[in-house]
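These are my notebook entries on one protein chain. I set down what I looked up, one topic at a time.

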Amino acid sequence: MIKPTTITAVLLHLLLLITTSITAAPILGLDSFLSQQSRFDPKATNDSFLSLPPSIKKSLSLPSLPPPSLSSLLSLKLNIPITVKLVGPTFPSSSSTLLSNFISAAITSDKFQIIAPFSHQTHHLSISYSLHIEISHSPSSLSRLLSDGLKSEISKTPSSLRSQLVSIDYTVFDDVVKKDFEKQKPHDGVYIYLINLGAQTKTYAYNYGNGESSPAFTKCLGSIWTGKDRYLWIDLAAGPVDYGPALSGDGVLPRGEFHPLAALHGRPKSQKALLADLASLIWSAYQVLLVPSLRIPVPFENSLLVQIIHIHSGIKDSQGLDLKLIESTFMDEVRDGLLLGDQSLKFKNYEVSLQECAICSFAVSRSTTAYTSRYLFDNYTLIVSEYLDSKRMHQVLSDSLEEMRRVAKLPFEDDYGRVLPVYVFDLDLSNILLLDRYHQSVAFKDMVIAVRTKNTQTVSDYSCNGRHVFTQTRELERPLVGSILQSMWGVSPTHLLWSPRHNTTLVDYTWSVGQTPFGPFSEITSLSFVQKDAARRNVLLTSLNYSITSAIDVLDSIAAHGGEKKLLKQNQHAAFIQRWNLFKYKLDKAVSALSHFDFEMALYFVKSSDHDLYSIHSLVYAASQDVEASLVCFSDPPIPWGSLATPGVICFILIYAYTQREKLFSNKRKQF
């Protein structure tokens, strides 16, 4: 007997195929031809149009195909499929329908956003996204396995003297959820497991690393986990947890009932109110994790190079700055599919003595600034602290690239398409010196800057579960991994997203625990599916956006010349229509492949469409050069003699009256 969930999954898969096939015009034989071309020429080095059979070329110029238009380019939309699994006996049978209605009402399609676009770009791309969601109840066997494992772990774990929460290893849940995910095939989309096993004998939360909290080391417990495969789980009964800015600020996750993660821990709620909170939680995960904002646009380059430039005072200490660990972190992900096509990634390490680098010392002194803080000891006391202004340091290093290249003995890497310098300042200072007061590492579009001093830790302005978070200031591996992800692949931190409604960057630390290299609450350098998918998707979205905007420029140029039929001759017009329809078909196929997470096939169609786009530009340019300006002769208008004579007559009358004033205006009294 076929399970209803299996039928629903198949229907969802068919819906995606139907949706994408509607956007891509059905041209007989073209799909199989391009599939064959992708196997023979996976790099799309050859122009597929030149190899098209005459029958397919004829089909590309049929009048039934939609004409070239802006709307057809701006209507490209990615379908993001999500499967929500309700785990636990506390979810009524009607929960899936109500939750689906709430999510459908809350989530609307939108365009992909960019947090820091280049100067000539807006904060959004030309490509939109939409959600396809399926909600179902998991079998009772899954909740039974999770419940047994959780109860066993709670019973053998002693209570903590420092926290009300019992620390549970996240693998207790993750091992079971991962096995269930692997059974769900085909994996069309992302699986979100909402787990509610009810109240336990002790309050608990999940520990994501080794060891326990201590007075000098804060372990931030959470209730979520994002896997390396495309699944994430949320234990609604864990906690309540709170983390974020210690006193005030954006992104705090409050204790109580006002955040969806704490929906079960407040006052009793109705079924609709609880499901509304869960819909809000799924909406947040959708925005931040599944369709995250691009940190920066990232064009496709075949060769990627990371240059780590370690600037030290002579005493080298690899503790907390293991460059091999940083490199192996990325190389492990490369083997797991981080790169696209034939891309390559290399790391090269260089060392620079601070005593021999005058520009390095100048960059530190030029960017050092101070701020005052008020603390309550016996009375209120003002304390002056120093920090480094990252923007000033970036400006100094940008203006002195040649000098830095000479001092660090950096070779000219002409063979690499993208070179990212990572400047690590290892200063022989005893005081705390962070970037912009809070950060150990800051990512820019063209470089990464990190700093550490001899000081080992400091109390940050963040708190987790009622305790201040201690920043281990000499440990730079995780901050550097996160910064390299931002600068090289445009991956946004899991607490930042651009909001077009607010026209600003929003901060939300809900998803900053667990498997993420971002934020002050994570200890893990490895990447989840969120970062890996975003890294590949960002490159493809940037290339797609460039193709769309370039095609829009072509259409604007054609419109300025009076339209395609007026600009292009008959043979040029036929070639233009064929090229345009093939170009648009490949864009549709690229978007369809992205919707199914087939990044390699999407890359092929994007690169293959570049040949058609170039040919379209060449046709329009050649036609515009052939346009001859014509001068239409016209007869000169008649001279307006009446209008010109009127002022002359008036002037003559005035002159005559003036000369004859004695006669015309003589004094009548002289007559008597």
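**Entry 1: the annotated segment.** I began with the record. UniProt, in an unreviewed entry, places a "transmembrane region" at residues 639-659. I then checked the same residues in the model, which is predicted. Over residues 639-659 the chain is 90% helix and 0% strand. The C-alpha atoms at the two ends of this segment are 32 Å apart.

**Entry 2: the whole chain.** I next noted the overall figures. The protein chain contains 19 helices and 20 strands. Of its 672 residues, 51% are buried. I also looked up how far apart in sequence the contacting residues are. Among contacts with a separation of 6 or more, 75% are between residues 24 or more positions apart. The accessible surface of the chain is about 33,100 Å², and carbon and sulfur atoms supply 56% of this area.

**Entry 3: the nonpolar cores.** I recalled a general point before looking at the interior. In soluble globular proteins, nonpolar side chains tend to be buried together. Which residues have the most contacts inside the largest nonpolar core? They are L99 and W489, in a core of 159 residues. Helix α14, residues 529-560, gives the most to this core, with 14 residues. I then listed the surroundings of L99. Apart from its neighbours within four places in sequence, L99 is in contact with V84, L86, I135, L194, L275, L278, A279 and I282. There is also a second, separate core of 28 residues, and Y350, V396, A408 and V451 are among them.

**Entry 4: the six-stranded sheet.** I turned to the strands. Strands of a sheet pair through backbone hydrogen bonds, either parallel or antiparallel. One open sheet has six strands in the order β2-β3-β1-β5-β8-β7, and its pairing is mixed. Why is one side of β2 and of β7 left without a neighbour in the sheet? β2 (110-113) and β7 (224-226) stand at the edges and each has a single partner strand, so one side of each has no neighbour there. From one strand to the next, the twist averages 30 degrees. At the β7 edge, three bridges join β7 to β8 (residues 231-235), and these two strands run antiparallel. Within this pair I found W225 opposite W233 of β8.

**Entry 5: the loop after β8.** I followed the chain onward from β8. P240 lies in the loop between β8 and β9. The peptide bond that joins G239 and P240 is cis, with omega at about 15 degrees.

**Entry 6: the three-stranded sheet.** Strand β9 led me to another sheet. Its three strands have the order β9-β17-β18, the sheet is open, and the pairing is antiparallel. The edges are β9 (243-245) and β18 (467-472); each has a single partner strand, so one side of each is left without a neighbour in the sheet. Neighbouring strands here are turned by 55 degrees against each other on average, direction ignored. I looked at one pair in detail. β17 (residues 457-464) and β18 pair in the antiparallel sense over five bridges. V459 has F470 of β18 as its bridge partner.

**Entry 7: a hairpin.** Strands β19 (residues 496-499) and β20 (residues 504-507) run antiparallel and are joined by four bridges. L496 stands opposite V507 in β20. The hairpin has four residues between the strands, and N503 takes a positive phi near 55 degrees.

**Entry 8: D317.** Where does D317 lie? I found D317 in the loop between β10 (303-312) and α9 (323-335). D317 has a relative accessible area of 32%, so it counts as partly exposed. Leaving aside neighbours within four places in sequence, its contacts are D426, R452 and R474. D317 and R474 are 157 residues apart in sequence, yet their C-alpha atoms are 9.7 Å apart in space.

**Entry 9: two loop residues with positive phi.** Is K409 buried or exposed? K409 is exposed, because its relative accessibility is 70% and the cut-off for exposed is over 50%. K409 is in the loop between α12 (401-408) and β14 (418-426). Its phi is positive, about 60 degrees, although K409 is not a glycine. D436, also a residue other than glycine, has a positive phi near 55 degrees. I located D436 in the loop between β14 and β15 (441-443). With a relative accessible area of 22%, D436 is partly exposed.

Definitions and conventions:
Residues are numbered from 1 along each chain as its sequence is written. This is a predicted model: local features need pLDDT of at least 70, side-chain atom pairs count only at pLDDT 80 or more; totals for chains, interfaces and linings use all residues. Side-chain values use heavy atoms; hydrogens and water are left out. Buried means under 20% relative accessible area, exposed over 50%, partly exposed in between (1.4 Å probe, protein chains only). Contact means heavy atoms within 4.5 Å. Accessible areas come from the Shrake-Rupley method with a 1.4 Å probe; for residues, only the protein chains shown count as cover. UniProt positions are given in the numbering used here, feature names are shortened, and annotations may be inferred rather than shown by experiment. Two strands pair if DSSP finds at least two bridges between them. Axes are lines fitted to C-alpha atoms, for helices over the stretch in contact, and angles run from 0 to 180 degrees between N-to-C directions. A nonpolar core is a set of buried Ala, Val, Leu, Ile, Met, Phe, Trp, Tyr and Cys residues joined through side-chain atoms within 4.5 Å.
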